[in-house]
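This report describes the architecture of a single protein chain and a few of its local features. The sequence and the structure are shown first.

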Amino acid sequence: MAHISTQIQALVGSVTESEIDDWCTEGVKEIINVLPKNLLKLCSTKVSFGSSSTAAGSESETMNTGKIFSVFANTVKCREIDSSDKYRASDSTDILYATATDPAFYVEGNYINVLPSGRTCIYEEVQYPTVDADSGS
């Protein structure tokens, strides 16, 4: 069986490998975007924060797709809070206060963060792949 790049070139004529790879990569993203949640879970990957979580307002961990399934601070599962509540989760007098035994995570823009800060964090997210249409895999 011919590589997909060979098949595409036979159909459309002269295109570069880079153009074919870009087209296939964008096609995979479109498929991922329409998958139901139960199938998305099968495509997820565990991602670690670069070093550790940061204080509210200084988010630095960029997400790939934003399709998140679970977030852990050390070994404790985090609860999700709205990003507008991130400062409340940092206030020890507030009912939303995040602790080591009750950590919280929030998403703001394309960033994810876990409170309290200083935790080793792992989150499960769907990653968009890069396609090499000439590799045969």
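## Overall dimensions and contacts

This is a predicted model. Of the contacts between residues at least 6 apart in sequence, 73% join residues at least 24 apart. The protein has 137 residues, and buried residues make up 34% of them.

The radius of gyration is 20 Å, whereas a compact globule of 137 residues would have a value near 14 Å. Along the principal axes, the C-alpha atoms fill a box of roughly 65 × 25 × 25 Å.

## Surface and charge

The accessible surface of the protein amounts to about 8200 Å², and carbon and sulfur atoms account for 53% of that area. The protein carries 10 positive and 19 negative charges, and the mean positions of these two groups lie 12 Å apart.

## Secondary structure and the open sheet

Three helices and eight strands are present in the protein. Read from the N terminus, the order of elements is α-α-α-β-β-β-β-β-β-β-β.

Four strands form an open sheet in the order S2-S7-S6-S5, and their pairing is mixed. Its edge strands are S2 (61-62) and S5 (79-80), each of which pairs on one side only. Strand S5 runs parallel to strand S6 (residues 104-108), and two bridges join them. In this part of the sheet, Glu-80 stands opposite Phe-105 of S6.

## The loop between S3 and S4

Which residues lie in the loop between S3 and S4? Among them are Asn-74 and Thr-75. The loop follows strand S3 (68-73) and leads to strand S4 (76-77).

Asn-74 has a positive phi, near 55°, although this residue is not glycine. Its relative accessibility is 43%, so Asn-74 counts as partly exposed, the range for that class being 20% to 50%. Thr-75 has a relative accessible area of 72% and is therefore exposed, since the cut-off for that class is over 50%. The C-alpha atom of Thr-75 is separated by 8.8 Å from that of Thr-120, although the two residues are 45 apart along the chain.

## A cis peptide bond between S7 and S8

The peptide bond from Leu-115 to Pro-116 is cis, and its omega is near 0°. Pro-116 belongs to the loop that connects strand S7 (111-115) with strand S8 (121-126). Strand S7, which precedes this loop, is also a member of the open four-stranded sheet, where the order places S7 between S2 and S6.

Conventions. Residues are numbered from 1 along each chain as its sequence is written. This is a predicted model: local features need pLDDT of at least 70, side-chain atom pairs count only at pLDDT 80 or more; totals for chains, interfaces and linings use all residues. Side-chain values use heavy atoms; hydrogens and water are left out. The radius of gyration is taken over C-alpha atoms; the globule rule is 2.2 Å times the number of residues to the power 0.38. Buried means under 20% relative accessible area, exposed over 50%, partly exposed in between (1.4 Å probe, protein chains only). Contact means heavy atoms within 4.5 Å. Accessible areas come from the Shrake-Rupley method with a 1.4 Å probe; for residues, only the protein chains shown count as cover. Lys and Arg count as positive and Asp and Glu as negative; His and the chain ends are not counted. The place of a charge is taken as NZ of Lys, CZ of Arg, CG of Asp or CD of Glu. Two strands pair if DSSP finds at least two bridges between them.
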